[in-house]
Amino acid sequence: MRLNRELNHLLTDLEVAVPLADLEYPGADAAAIHEVCDALQFRTLRDKLLPLATDAGEASPETAPPVVVQTAGAVAAIAAMTGTVALHVDGRGGVDADAWALGAADAADAAWGVDLADLSPEDESTLGAWLADPNIAKVLHGAKDGWHALTARGWELAGIAGDTQIAAFLVNPDQRGFELEQILQRHLGLALESGPTAGELDLGLDGGGAHHAGQRAGERAAHVRTLAGVLEPMVDERGMGALYRELEIPLITVLARMEHAGMAVDRAHLSTLADEARARADRAAEDAYDALGGERVNLGSPKQLQEVLFERLGMPKTKKIKTGYSTDASSLHDLSEKAPHPFLTALLAHRDASKLSQIIETLAQAVQPDGRIHTTFSQVVAATGRLSSKDPNLQNIPVRTAEGHRIREAFVVGEGFDTLVTADYSQIEMRIMAHLSGDAALVEAFAAGEDLHRFVGSRVFGVAPEDVSPEMRSQVKAMSYGLAYGLSSFGLARQLGLPVGAAQALMDDYFSRFGAVRDYLRSVVEQARADGYTETIFGRRRYIPDLTSTNRQRRDIAERMALNAPIQGSAADLIKRAMLGVERRLRDEGLASRQVLQVHDELVIETAAGEQDAVENILREEMHAAGDLSVPLEVNVGTGADWRTAGH
DNA sequence: CACTGCACGTA
DNA sequence: CGTACGTGCAGTGG
């Protein structure tokens, strides 16, 4: 079959490109090599590996040196781990150069005729069999392009392959690095060069130059193999086995496909926006310089701005920060009211425009040769269980302003597809709060299906729903959302520009009508203090040791975390479940449409011709059915040729 | 070059 | 004195 032929071609060429005489394989396990090489149908490599494995003797798994493939920028570190295969090679950067130096990239480029987008886990081919394994799918599908599929994701693969990043995250989302080092030292007898670090799977194997890239990959792979056996039981002990195996692991494949799909971008539109923003920023900068009599201070330097504002211009002092007084937007606005000055106006305009220009420039730079932006999702960063997105972050694309809308217009439906459909949960966190607290009034509000903030406003202010003023509504809205973050009356007052007493009165009124919410918020902290962790609806735990700290500041912060984690985390669980459901439906119904982005409470799908209605139904149904709460999970769906239009 | 602090975008 | 993130820039220290 075509895939097999292409794959063999690829691997054979890679083998040729990297002289095997340069490789070393101390401690390779013979059975593993058989397994790996048979799976690869890579007979030549197997024949060369086996003698080396035999030489290494019969070391036990605990003491065996790692499987190592040592090449510079290697093309093929093949390690056997946890019943799967690691093809590795290098971390980000440096890889291409190394590979080119070896002449391997030529071979790979020539051989890589496989369009990953055409593959599915059902393929009865060697590659298809790999893809059925989420670990491998992550690497191949998750790659930014064909070449990188076998290169740049290397060490990440070492982690994913053993599922240890996710396991470690579930064991302790806040102290991954520390925990891992403890475990490693205990179970591997590994001498770590560095002290406890925050990074997951930082095995202290970095450094040493490109020459040892392959070796490091192999070492990581070997450690990960051991680590996986330690971490998974810990995940089970903590009651998250099901979450791990039935949610996080299957989600790997979904995320990998989304990364590989990416989002199409209108380059011309983006470049128009970039020009405009740059021009606006330049104009504002000139205005600012003029206001200072021509002096060209660096407007991007808070330090220089402090000197100008508070010393030269003698402006009133703003809120204190570590390095002096803040020059953030809210401070500058305050200053503008107290001490109007053309410099302030120009500075604010410059902030706005230059930030926008920076965002646009970063996006433009991230567009790949296929005309699309491929982000990388992480399941193991956010302590609450949310996903994160990086390189670039597509979860913080502007949306609130008109300029933000124009940026979202640059995210378009790609060639060969019909529309973008976006679906987002309506007030998901408030709904979760209603569910978790069981507050009868709040549950009733959602059951009634009316405007939540209007409903709550009418209760809080004791007026009919139609008599809730926009002012009342926005105050109630701010309070409702603030509650899930542990907002204080002081914070509410500051945000609403009210006296603290008035804010407190507002909160009192709120809780007199929705008393179960207050009871819940109190009880969740209390329970967390007793247990040491919080729990989401689906059993995701977040351990928060600082709840018993004698340090008031730390304890307060911990309490707000405890308050928020079940709410934010449950929302994350829900949308992850929905993503699995959507993916399954798309596949079962034989649709070509595909998920391309997740933004915490929103899913974006690129639909194929004729599938829009089906996709909308799938989104509604799967997002709705993601959880069985005491309030309905409502979903807003929109469609358009670009992300902005779809989002309206 | 690595790191910190600031500022600011999203949910 | 509101949770969760990622990124670019300036400034600092090596």
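## A protein chain and two DNA strands

Arg400 places a polar side-chain atom 3.0 Å from a phosphate oxygen of DNA strand B. That is a good place to start exploring this structure, which is a predicted model.

**The protein as a whole**

Chain A has 28 helices and 15 strands. Of its 648 residues, 54% are buried. If you look at contacts between residues with a separation of 6 or more, 67% of them join residues that are 24 or more positions apart.

**Meeting DNA strand B**

Let us go back to the DNA. Around DNA strand B there are 20 residues, and the closest are Thr327, Asn396, Ile397, Val399 and Arg400. By class, the residues of this surface are seven nonpolar, six polar and seven charged.

Which parts of DNA strand B lie within 4 Å of the protein? Sugar or phosphate accounts for 87% of those atoms, and bases supply the rest. Even so, you can find side chains beside the bases. Arg386 has a polar side-chain atom 3.0 Å from a base nitrogen of DNA strand B. Asn396 has a side-chain N or O atom that is 3.0 Å from a base nitrogen of this strand.

**Meeting DNA strand C**

DNA strand C is surrounded by 33 residues, with Ser301, Lys303, Asp391, Ser488 and Gln495 the closest. The surface here is made of eight nonpolar, 18 polar and seven charged residues. Among the atoms of DNA strand C within 4 Å of the protein, 74% belong to sugar or phosphate, while the rest belong to bases.

Here are some polar contacts with the two strands, set side by side.

| Residue | Protein atom | DNA atom | Distance |
|---|---|---|---|
| Arg386 | polar side-chain atom | base nitrogen, DNA strand B | 3.0 Å |
| Asn396 | side-chain N or O atom | base nitrogen, DNA strand B | 3.0 Å |
| Arg400 | polar side-chain atom | phosphate oxygen, DNA strand B | 3.0 Å |
| Gln304 | side-chain N or O atom | phosphate oxygen, DNA strand C | 3.1 Å |
| Asp391 | backbone N or O atom | phosphate oxygen, DNA strand C | 2.7 Å |
| Asn393 | polar side-chain atom | sugar or linking oxygen, DNA strand C | 2.9 Å |

Several elements give two or more residues to the surface near DNA strand C: helix H15 (302-312), helix H17 (342-366), strand E8 (388-390), H22, H23 and helix H26 (552-588).

**A closer look at Asp391**

Asp391 deserves a second visit. Its place is in the loop between E8 and H18, and Pro392 is found in the loop between E8 and helix H18 (402-409) as well. The peptide bond that runs from Asp391 to Pro392 is cis, with omega near -5°. Asp391 is not a glycine, yet it has a positive phi of about 55°. Is Asp391 buried, partly exposed or exposed? Its relative accessibility is 44%, so Asp391 counts as partly exposed.

His600 is another residue other than glycine with a positive phi, near 70°. You will find His600 in the loop between strand E13 (594-598) and strand E14 (602-607). With 22% relative accessibility, His600 counts as partly exposed.

**How some helices pack**

Two packed helices are described by the angle between their axes and the distance between the axes. Try this on helix H22 (residues 470-483) and helix H24 (residues 500-513): they pack at an angle of about 75°, with their axes 11 Å apart. H22 and H24 are therefore roughly perpendicular to each other. In this contact, Gln475, Met479, Ser480 and Leu483 of H22 meet Leu506, Met507, Tyr510 and Phe511 of H24. Six of these residues are nonpolar, two are polar and none is charged.

Helix H23 (residues 489-496) has four buried residues to look for: Ser489, Gly491, Leu492 and Ala493. What do the buried residues of H23 pack against? They pack against H22 and H24. Just after H23 comes Gly497, with a positive phi of about 70°.

Now try helix H25 (residues 515-531) and H26, whose axes come within 9 Å and cross at roughly 105°. This pair is therefore roughly perpendicular too. From H25, Tyr520, Leu521, Val524, Val525, Ala528 and Arg529 meet Glu559, Ala562, Leu563, Pro566 and Ile567 of H26. By class, that contact has nine nonpolar, no polar and two charged residues.

**One buried alanine**

Finally, find Ala167 in helix H10 (residues 164-171). Ala167 is buried, with a relative accessible area of 2%. Beyond its neighbours within four places in sequence, Ala167 is in contact with Leu231, Val235 and Tyr244.

Technical notes:
Residues are numbered from 1 along each chain as its sequence is written. Chains are lettered from A and ligands numbered from 1 in the order in which they are written. This is a predicted model: local features need pLDDT of at least 70, side-chain atom pairs count only at pLDDT 80 or more; totals for chains, interfaces and linings use all residues. Side-chain values use heavy atoms; hydrogens and water are left out. Axes are lines fitted to C-alpha atoms, for helices over the stretch in contact, and angles run from 0 to 180 degrees between N-to-C directions. Angles under 35 degrees count as roughly parallel, over 145 as roughly antiparallel, 65 to 115 as roughly perpendicular and the rest as oblique. Contact means heavy atoms within 4.5 Å. Ala, Val, Leu, Ile, Met, Phe, Trp, Tyr, Cys and Pro count as nonpolar, Asp, Glu, Lys and Arg as charged, and the others, Gly among them, as polar. Buried means under 20% relative accessible area, exposed over 50%, partly exposed in between (1.4 Å probe, protein chains only). A residue is near a molecule or strand if one of its heavy atoms lies within 4 Å of it. A polar contact is a pair of N or O atoms within 3.5 Å; within protein, one must be able to donate a hydrogen and the other to accept it, and residues adjacent in sequence count only if both atoms are side-chain atoms.
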